[in-house]
Amino acid sequence: MASTSSTSPSDLPGSFEHVETLGGIQSYRHAKNDLEVLILPESAAPVATFMVTYRVGSRNEPMGLTGATHFLEHLMFKGTERFHKSKGTSIFHELQSVGAKVNASTWVDRTNYYEMLPREHLPLAVEIEADRMRGALLDPADVESERTVILNEYDRGRNNPTSRLFDEVWASAYLAHPYRHPTIGWRSDIEGVDDEGLRHFYDQYYWPNNATLSIIGDVDPEEILSLVGKHFGEIPSSEHEIMDHPVREPEQSGPRRVEVRQDGQLGALLHAYKSPDGRHDDAEALDVLGRILASGKGSRLFRHCTDRGLTTDAYAMNFRLRDPGLFCLLTFLAPDQTHDDVEDAVNDVIREVQQNGVTEEEVRRAQTQIRASEAFDRDGPMKVASQLNEAIAIGDWRLYVQYPDRIDAVTPDDVQRVARTYLQPERLTVGRYVPTAPPAGDGAPPAQAAAGPVQ
């Protein structure tokens with residue numbers, strides 16, 4: 001199956017149509033069921049990654065059914081009529097027996113299922129993914145067993161102060177949009193959902209016309225298209241419209257605040273500003289701004305806060321999503337420092353950028369850091385597929401190819417402009433984590449959690 005050749009439109013097998021080729025990635029669409037297929041031949045090693053990205057996440061979940069996408073992620077591994085542990089053909093067993101790395105993940109705009117395996121076993125991965133696209137059993141007994149697993153996962157997240165801080169801030173920043181719900185769902189919904197509710201959700205979104213296949217590695221495009229056509233080609237597209245219009249978030253009119261109090265040692269502060277969707281022209285300038293504010297010892301927050309003993313660390317995260325997301329600054333308080341002092345210091349840094357801008361050197365350094373990070377994150381079929389997965393979730397896989405050039409085009413004026421535009425009080429939600437002493441006899445408090453929300 002090894003090759004780096006491309007397939008001309010006249011030679012396409014089955015019912016596939018060539019859409020475009022960009023950055024070496026060949027894009028195809030199945031004429032009968034609208035399945036999108038992305039192929040990137042790479043012959044550096046005799047392995048391949050096969051990933052299915054469904055354009056469904058917590059963004060698509062209604063109240064009462066939050067966490068459904070994540071719940072289905074668990075259940076999709078429980079099997080189909082053909083691949084099931086009762087027959088000695090469980091999905092994990094079949095794939096791991098041929099040396100595959102297999103897993104899945106859920107986030108706000110997408111769910112992905114993937115296998116990285118020796119190229120000669122790629123047909124098995126394709127067959128399994130096609131089988132569970134419409135053939136997942138979703139057995140009531142499996143729902144009950146996984147409910148316990150997911151509730152334990154939920155409790156671990158709630159016991160993590162930083163994860164809980166993110167959950168509370170997102171729930172406060174959004175009043176109507178489903179981004180306000182944690183990806184794992186709210187406890188009451190996890191406890192109350194049944195197999196019928198999950199089946200309805202599965203039947204709404206798990207179809208070829210709501211999915212993209214990414215195949216990266218030592219593969220021949222023509223052979224892959226034949227293989228995909230064989231297993232996915234007979235699956236019909238959905239007869240109903242794929243629901244993709246969540247409630248529009250009303251405009252925020254002033255700053256919001258939330259406080260989390262639970263056992264811990266060091267406090268934390270989270271600034272979260274409403275930001276544009278991930279396809280917006282300002283998104284890259286916000287990425288660069290994040291690096292300038294909180295990446296390395298030369299960053300603004302390190303010099304103004306950490307060097308002065310106010311914080312132990314600082315992070316910037318520009319959540320680039322399908323709908324308007326959040327630009328976040330997370331700071332961990334140094335011992336004996338107050339939230340008020342750290343909040344004032346962070347606001348001083350933001351005002352300095354807004355009033356006086358940033359330097360050419362800062363922008364170049366941020367661009368260099370981003371390019372280096374991108375090079376690392378694109379090293380190998382699995383990493384390439386993962387990055388493509390996020391671009392698909394945002395709404396355009398071509399962003400994966402365009403991103404480096406879009407970053408290089410950012411100027412100091414762009415950075416100052418987006419700081420002035422988006423880092424405004426009327427777009428801000430501030431979250432404070434205030435550690436409390438554990439009850440007597442409970443032992444040492446939990447260690448400080450890593451930065452970032454639970455996915």
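In the predicted model, Asp-34 is partly exposed, with a relative accessible area of 36%. The residue is located in the loop between E2 and E3. Its phi is positive, at about 70°, although Asp-34 is not a glycine. Most residues other than glycine have a negative phi. The loop belongs to the hairpin of E2 and E3, in which five residues separate the strands.

A positive phi of about 70° is also found at Asp-336, again a residue that is not a glycine. Asp-336 lies in the loop between strand E11 (326-333) and helix H11 (339-356). With a relative accessible area of 81%, Asp-336 is exposed.

The two strands of the hairpin, E2 (residues 25-30) and E3, pair in the antiparallel sense, with four bridges between them. Within this pairing, Ser-27 stands opposite Leu-38 in E3. Strand E3 is also joined to strand E7 (residues 211-217), and here the strands run parallel and are linked by six bridges. In that pairing Leu-40 stands opposite Ile-216 of E7.

In a regular strand the side chains alternate between the two faces of the sheet. In E3 both faces are covered. Glu-36, Leu-38 and Leu-40 are buried on one side, and Val-37, Ile-39 and Pro-41 are buried on the other. Because six of the six residues of E3 (residues 36-41) are buried, the strand is largely enclosed by the rest of the structure. Leu-38 and Leu-40, on one side of E3, are the residues that stand opposite Ser-27 and Ile-216, respectively.

Definitions and conventions
Residues are numbered from 1 along each chain as its sequence is written. This is a predicted model: local features need pLDDT of at least 70, side-chain atom pairs count only at pLDDT 80 or more; totals for chains, interfaces and linings use all residues. Side-chain values use heavy atoms; hydrogens and water are left out. Buried means under 20% relative accessible area, exposed over 50%, partly exposed in between (1.4 Å probe, protein chains only). Two strands pair if DSSP finds at least two bridges between them.
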